[in-house]
Amino acid sequence: MSQKIRWGILATGTIAHKFATTIAQMDDGRETAAVASRSLEKARAFADEFGIPKAYGSYEELVSDPEIDIVYIATPHSEHANNMKLCLEHGKHVLCEKPFTVNADEAVEIFDLAKQKNLFAMEAFWTKFAPVYRDMERVIASGEIGELRSINAQFGYTTPERAGRKFDPSLAGGALLDVGVYTLGFAAMFLGYFPQRILSALSKNDLGTDDLASVLLEYENGQTAQLTSAIQTVMPVWGEVFGSAGRIEVKDFKCPQSIRVIPNGKDPYTIERPIEINGFEYEIYEAENCVKNGEQQSKIMTPENTIAVMHMMDQVRRDNRMFYPTEK
């Protein structure tokens, strides 16, 4: 591997554009060396837009390129597992968009393969890397808001899309996997990844996927999390952590730049921690550092974290009888 990390990008959609935009604004310790799409025309247009030297009309060509160190996967949810297998089988490290896979079994299989191949694999759950969360962890650890009691989180948006990736069951669509992974991941960051009980309700659409997911996590020590995610219903991206002696408000919890601490009986205050570019840079730094250090997994976003959230989503879908075609 060269000293400069060389990235390949699989797919050319919205999230791939954001990733490429981020790389372009970072320092010179990396480069986007190639992009691949099922359409060579789309790959070339993407490459031209970002000054990427190579464009491929198939994923197989990209993973066969010896000048690629790590691949960012930005394909639909249903394709993640197969795309990661392709990369790992060709000796490429992987950073894969959330949700990592369709279900927990697939996630376990991917991490096992990465271990077998001595390669790095991580879910691109950028939320966990936001710098202000380190401040939030310190506030909680200090006991300033007392013992943690409950978490609320919501995330909903609308889209003109109806039959595409957001809802299509063959592409593992629906609110739970698309944005519910954020609310579940947020709660798990502070209450833990192994609730004692999960209660849920899914509002399904005519395509068989969910427009809205409501989830209640109950933990053995009495802590709870109330989480709502939706597509076609606007809900401000908002999180709150309640303790016995105060609370913390987190606006835009998926990538916050500040938190508001409100201790009981004391003046509230705000901690600001602006991001450098758009928030993606921190997961990129983490993946690159792990690759350079020969580590197969991140200590911040661990395989266990990813698999545990996938298990939660599996149970919610199972309890509400929502399965994808590949699972039937």
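The largest nonpolar core of this structure, a predicted model, comprises 113 residues, and Trp7, Leu217 and Ile248 have the most contacts inside it. Helix 7 (residues 175-191) gives the most to this core, contributing 13 residues. Two open sheets are described below, one of six strands with parallel pairing and one of eight strands with mixed pairing. The largest pocket holds about 830 Å³ of space, and the largest cavity has a volume of about 50 Å³.

**Core residues in their settings**

- Trp7, one of the core residues with the most contacts, has isoleucine 70 in strand 4 as its bridge partner.
- Leu217 is another of these core residues; leaving aside its neighbours within four places in sequence, its contacts include Leu184, Ala187, Pro195, Arg197 and Ile198.
- The contacts of leucine 217, counted in that way, also include Gln223, Thr224, Ala225, Leu227 and Met312.
- Ile248, the third residue named for its contacts in the core, lies in strand 12 and is the bridge partner of valine 241.

**The six-stranded parallel sheet**

- The strand order of this open sheet is 3-2-1-4-5-6, and the pairing is parallel.
- Strand 3 (54-56) and strand 6 (121-124) are at the edges; each has a single partner strand, so one side of each lacks a neighbour in the sheet.
- On average, neighbouring strands of this sheet are turned by 25 degrees against each other, direction ignored.
- Strand 1 and strand 4 run parallel and are joined by four bridges.
- Helix 8 (residues 280-292) packs on this sheet, where it touches strand 1, strand 2 (30-36), strand 4, strand 5 and strand 6.
- The direction of helix 8 makes about 125 degrees with that of strand 1.

**Helix 4 and its surroundings**

- Helix 4 (residues 80-89) is largely enclosed by the rest of the structure, because seven of its ten residues are buried.
- The buried residues of helix 4 are His80, Ala81, Asn83, Met84, Leu86, Cys87 and Leu88.
- These buried residues pack against strand 1 (5-10), helix 3 (59-63), strand 4 (70-73), strand 5 (93-97) and helix 5 (104-117).
- Helix 4 lies across strand 1, strand 4 and strand 5, and runs at about 165 degrees to strand 5.
- Glycine 91 follows helix 4 and has a positive phi, near 75 degrees.

**The eight-stranded mixed sheet**

- This open sheet has the order 8-9-10-7-11-12-13-14, with mixed pairing.
- Its edge strands are strand 8 (197-204) and strand 14 (269-272), each of which pairs on one side only.
- From one strand to the next, the twist averages 10 degrees.
- Eight bridges connect strand 8 with strand 9 (residues 210-218), and the two run antiparallel; within strand 9, glutamate 218 stands opposite arginine 197.
- Strand 7 (residues 148-157) and strand 11 (residues 235-243) run antiparallel and are joined by seven bridges; alanine 153 stands opposite glycine 239 in strand 11.
- Strand 11 is also joined to strand 12 (residues 246-251) by six bridges, in an antiparallel arrangement.
- Strand 11 and strand 12 form a hairpin, with two residues between them.

**Pocket and cavity**

- The largest pocket is lined by 30 residues, of which Thr14, Ile15, Ala74, Arg165 and Lys166 are the closest to its centre.
- Helix 1 (14-25), helix 4, strand 7 and helix 7 each supply at least two residues of the pocket lining.
- The count of cavities of 30 Å³ or more comes to one.
- The lining of the largest cavity includes Glu123, Phe125, Val181, Gly185, Tyr193 and Met301.
- Also among the residues lining the largest cavity are Asn305, Thr306, Val309, Met310 and Met313.
- Helix 7 and helix 9 (303-319) each supply at least two residues of the cavity lining, and helix 9 provides the largest share, five residues.
- Helix 7 thus recurs across topics: this helix gives the most to the largest nonpolar core, supplies residues to the lining of the largest pocket and supplies residues to the lining of the largest cavity.

Notes
Residues numbered from 1 in each chain as written. Predicted model: local features only at pLDDT ≥ 70, side-chain atom pairs only at ≥ 80, totals over all residues. Heavy atoms only, no water. Core = buried A, V, L, I, M, F, W, Y, C linked by side-chain atoms within 4.5 Å. Buried < 20%, exposed > 50% of the residue type's maximum accessible area, 1.4 Å probe, protein only. Contact = heavy atoms within 4.5 Å. Pairing = 2+ DSSP bridges. Axes fitted to C-alpha atoms, helices over the stretch in contact; angles between N-to-C directions. 1 Å grid on protein atoms, 1.4 Å probe; cavity = no way out; pocket = protein on both sides within 12 Å on 5 of 7 lines; lining within 4 Å. Points joined across faces, edges and corners; volume = space filled by probe spheres on them.
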